[in-house]
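Load the model in your viewer and keep the selection panel open. The stops below go from one selection to the next, with a short note on what is found at each.

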Number of protein chains: 2
Amino acid sequence: MTIYEVAQRVGVSIATVSRALRSGGQVAGETRRRVLEVVEELQFRPSRLGQSLAEGRHAANGIVFPDLSGPYYAEVILGYEEVAAEVGSSVLILATHGRTDPGRKVLDLARRVDGMAIMGRTVSDGVVAQVAATGMPTVLLARLPVGELDTVTTDSEASARELVAHLVAHGYRRFAYLGDPDESSDVTARYDAFRSALVDRGIRPPRAPLRCAFDVPAGQEAARRALAGSPPPQALVCANDEVALGALAAAKQLGRSVPDDVAIVGWDDVMAARYAGLTTVRQPMRELGATAARWLQDRVASSRLPVRREVLRTQLVIRTSCGQHPNEMEVP
Amino acid sequence: MTIYEVAQRVGVSIATVSRALRSGGQVAGETRRRVLEVVEELQFRPSRLGQSLAEGRHAANGIVFPDLSGPYYAEVILGYEEVAAEVGSSVLILATHGRTDPGRKVLDLARRVDGMAIMGRTVSDGVVAQVAATGMPTVLLARLPVGELDTVTTDSEASARELVAHLVAHGYRRFAYLGDPDESSDVTARYDAFRSALVDRGIRPPRAPLRCAFDVPAGQEAARRALAGSPPPQALVCANDEVALGALAAAKQLGRSVPDDVAIVGWDDVMAARYAGLTTVRQPMRELGATAARWLQDRVASSRLPVRREVLRTQLVIRTSCGQHPNEMEVP
DNA sequence: TTGAAAGCGTTACCAC
DNA sequence: GTGGTAACGCTTTCAA
């Protein structure tokens with residue numbers, strides 16, 4: 001079922017069918033009617049490949065993320081997809097999680113899209129540069145800028161400072177940090193801001209972070225180590241909520257009361273954080289994805305745009321894991 | 001940068017370049033070497049569009065889901081993507097959530113893929129049939145079969161019965177059901193199984209479900225209504241965890257103790273369920289997605305396969321919201 | 001307003 | 001082993 005059959009059936013050329021099918025086409029009303037009639041009758045749908053090849057564009061955008069587990073990435077992707085769909089773009093996803101040679105996959109993806117969003121520490125700067133070098137409109141998410149690429153991040157700096165201020169106000173002085181700052185630039189920023197916020201207040205920051213993977217079991221294990229110290233830290237600042245949830249479990253296991261014996265805070269505000277009473281930092285994930293899609297659309301539409309950088313606002317969410325707040329507790 | 005430039009530069013025909021680039025091609029070793037050299041030098045990457053058009057396949061699969069919020073769909077998609085990537089297929093996603101004319105979008109997606117997975121109540125049977133009618137390999141997920149299409153679901157029947165048995169063993173007799181069974185066939189199955197399990201035990205099922213949207217606020221509101229009844233129900237069986245989490249909030253708000261005054265159970269086992277102590281039903285989401293991708297791959301590879309149906313096992317996860325279990329409590 | 005034909009970038013068949 | 005070339009299915013000039 002091709003445009004040729006339709007043309008033949010109607011008794012016109014394929015050019016006319018093509019024109020009748022697209023909005024801007026200059027076709028006589030009667031001709032268009034006849035074409036559409038046959039199109040309907042034959043259930044003809046133009047081949048996307050043919051169209052894309054002729055138009056020289058895919059009408060599709062890609063997004064690369066490390067993994068989808070955890071609500072974090074799901075939300076980003078949803079925001080991305082929503083905007084992309086609005087502007088008529090399909091969305092191709094690629095999870096690099098633990099795969100060998102993510103670079104190859106990303107380059108592969110780049111051949112199927114008009115623009116692409118790359119999240120966090122999914123691929124090396126080299127690969128990113130390689131993608132960008134092809135002229136592919138690219139936006140980086142929650143990751144350090146590479147070259148002159150558009151980049152949108154969330155404000156780790158401000159929220160880390162706020163978090164520290166809050167904990168210090170509660171009287172905590174001995175801090176530990178759980179999670180690997182080298183895992184992503186985002187987390188590096190959180191860690192750095194956390195340290196400098198402490199220093200600014202004349203509090204001695206921990207010598208080093210307790211590196212662990214970003215999941216519940218790893219957080220639990222790391223927290224167990226941290227709490228075994230003497231004197232043990234009074235507050236555990238965790239790289240994300242899953243680590244913090246693990247820490248919560250460890251505290252419980254060790255019979256330490258939260259927040260009386262130890263405060264625990266996380267990052268991301270996943271749904272479980274609410275039910276665990278976890279103080280955390282809410283990030284506008286959906287907006288992160290949506291921004292990427294919008295910027296990409298702009299770049300596809302018109303090249304030669306100035307580089308864009310944006311840091312999205314975050315919000316400190318106070319719950320019970322960082323200390324008692326008689327009158328501000330959120331009802332789950 | 002096309003295959004022509006490479007061919008010219010090497011001094012061979014485009015056919016030879018093409019052959020040198022693909023694994024099966026019969027090319028002299030020396031020729032291939034020279035081709036690859038130039039390919040590397042020019043950073044040539046064949047156009048996916050050109051390839052697909054010539055090969056007659058997209059090397060891409062699509063997946064359609066109602067929304068991505070909640071870990072539920074994210075997990076399905078991750079399972080799907082993982083398998084698809086393994087077999088060399090890209091993944092296109094489409095969220096229909098609250099959009100006008102999802103049918104059009106789905107049909108659109110169908111033009112860009114070799115196979116597609118359709119989840120739950122995203123589009124009408126008519127649209128599904130229309131997609132299938134084009135010969136597109138299609139598998140349905142968590143949804144009633146349509147025609148002769150492959151379908152994979154999770155076992156609502158068994159888990160609903162198990163759930164009821166457990167609640168009855170705890171002594172609960174007055175039940176309410178929260179959620180709209182008409183929202184998806186999956187939920188219809190849960191509701192039907194729930195009812196018949198009660199009837200089988202000589203317990204009178206609720207006259208009707210308390211219909212509400214599948215999110216926390218809606219669940220909270222519905223639970224408030226339910227608990228206002230007199231006598232109030234002793235157990236609230238919720239269509240999914242988000243509704244159940246809302247119900248938990250409502251109970252707290254009304255000063256009802258869970259599980260002493262009222263038991264609450266959900267479905268899906270989202271991460272928050274664990275921290276809320278919610279008894280629920282765990283479903284193999286990842287496996288759901290992975291199965292779809294595998295089946296699709298099989299169908300793309302060889303047509304004329306028999307229809308496949310599979311019901312994946314679910315697992316009842318007992319926590320505290322359904323009653324006291326002195327020695328079986330999970331440590332969060 | 002319409003048709004003919006030139007792309008678009010590959011793959012694969014058929015000769016040589 | 002290699003080259004020529006016909007698809008593949010569309011969009012878009014250029015003429016008429």
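Start by selecting residues 1-55 of chain A. In the UniProt record, an unreviewed entry, this range carries the annotation "domain: HTH lacI-type". The model is a predicted one. Over residues 1-55 of chain A, helix makes up 69% of the chain and strand 0%. The C-alpha atoms at the two ends of that range are 20 Å apart.

**DNA strand C**

Next, select DNA strand C and expand to the residues within 4 Å. The selection should hold 29 residues, with A:T16, A:T31, B:S18, B:R22 and B:S47 the closest. On the DNA side, sugar and phosphate supply 65% of the strand C atoms that come within 4 Å of the protein.

Which parts of the protein approach the phosphates of strand C at short N/O distances? Three contacts can be picked out here. Pick B:S18: an N or O atom of its side chain is 2.4 Å from a phosphate oxygen of DNA strand C. At B:R22, a polar side-chain atom is 2.7 Å from a phosphate oxygen of the strand. At A:A28 the backbone takes part instead, with an N or O atom 2.9 Å from a phosphate oxygen of DNA strand C.

Color by secondary structure to place this surface. The elements that give two or more residues to the surface near DNA strand C are α2 (14-21) and α4 (48-55) in chain A, and α1 (3-10), α2 (14-21) and α4 (48-55) in chain B. The most comes from α4(B), which gives 5 residues. By residue class, the surface near strand C splits into 14 nonpolar, 10 polar and 5 charged.

**DNA strand D**

Repeat the selection around DNA strand D. It has 30 residues around it, and A:I3, A:S18, A:S47, B:T16 and B:T31 come nearest. Sugar or phosphate accounts for 61% of the strand D atoms within 4 Å of the protein, and bases for the rest.

Three phosphate contacts can be shown as distances:

- B:T16: a polar side-chain atom lies 2.5 Å from a phosphate oxygen of DNA strand D.
- B:S13: a polar backbone atom lies 3.1 Å from a phosphate oxygen of DNA strand D.
- A:Q51: a side-chain N or O atom lies 3.1 Å from a phosphate oxygen of DNA strand D.

For the surface near strand D, the elements giving two or more residues are α1 (3-10), α2 and α4 of chain A, along with α2 and α4 of chain B. Here α4(A) has the largest share, 5 residues. The residue classes near strand D are 15 nonpolar, 10 polar and 5 charged.

**The two chains**

Now hide the DNA and show both chains as traces. How are the two copies related? Chain B superposes on chain A by a rotation of 180° with a shift of 0.1 Å along the axis, at an RMSD of 0.1 Å. The copies are thus related as by a two-fold rotation axis. To locate the axis from chain B, center on B:A272, whose C-alpha comes closest to it among the residues of that chain, at 1.8 Å. The copies meet through the same surface, because 100% of the interface residues of chain B are interface residues in chain A as well.

**Local stops**

Select A:E221 and A:R224. They form a salt bridge, with 2.8 Å between the closest N and O atoms. Both belong to helix α10 (residues 216-228) of chain A, and because they are 3 residues apart there, about one helical turn separates them. Over all chains, a search of the whole structure finds 42 salt bridges.

The remaining stops concern backbone geometry. Most residues other than glycine have a negative phi, and most peptide bonds are trans.

Go to A:Q43, in the loop between α3 (29-42) and α4 of chain A. This residue is not a glycine, yet its phi is positive, about 55°.

Then go to A:P259, in the loop between α11 (241-253) and β8 (263-265) of chain A. The peptide bond from A:V258 to A:P259 is cis, with omega near 10°. In chain B, select B:P259, in the loop between α11 (241-253) and β8 (263-265) of that chain. A cis peptide bond joins B:V258 to B:P259, with omega about 10°.

Conventions:
Residues numbered from 1 in each chain as written. Chains lettered and ligands numbered in written order. Predicted model: local features only at pLDDT ≥ 70, side-chain atom pairs only at ≥ 80, totals over all residues. Heavy atoms only, no water. Polar contact = N/O pair within 3.5 Å; in protein donor to acceptor, adjacent residues only side chain to side chain. Helix = DSSP H or I, 4+ residues; strand = E, 2+ residues; numbered from the N terminus. Nonpolar A, V, L, I, M, F, W, Y, C, P; charged D, E, K, R; others polar. Least-squares fit on C-alpha atoms with pLDDT ≥ 70 in both. Contact = heavy atoms within 4.5 Å. UniProt positions renumbered as here; feature names shortened; annotations may be inferred. Salt bridge = Lys/Arg side-chain N within 4 Å of Asp/Glu carboxyl O.
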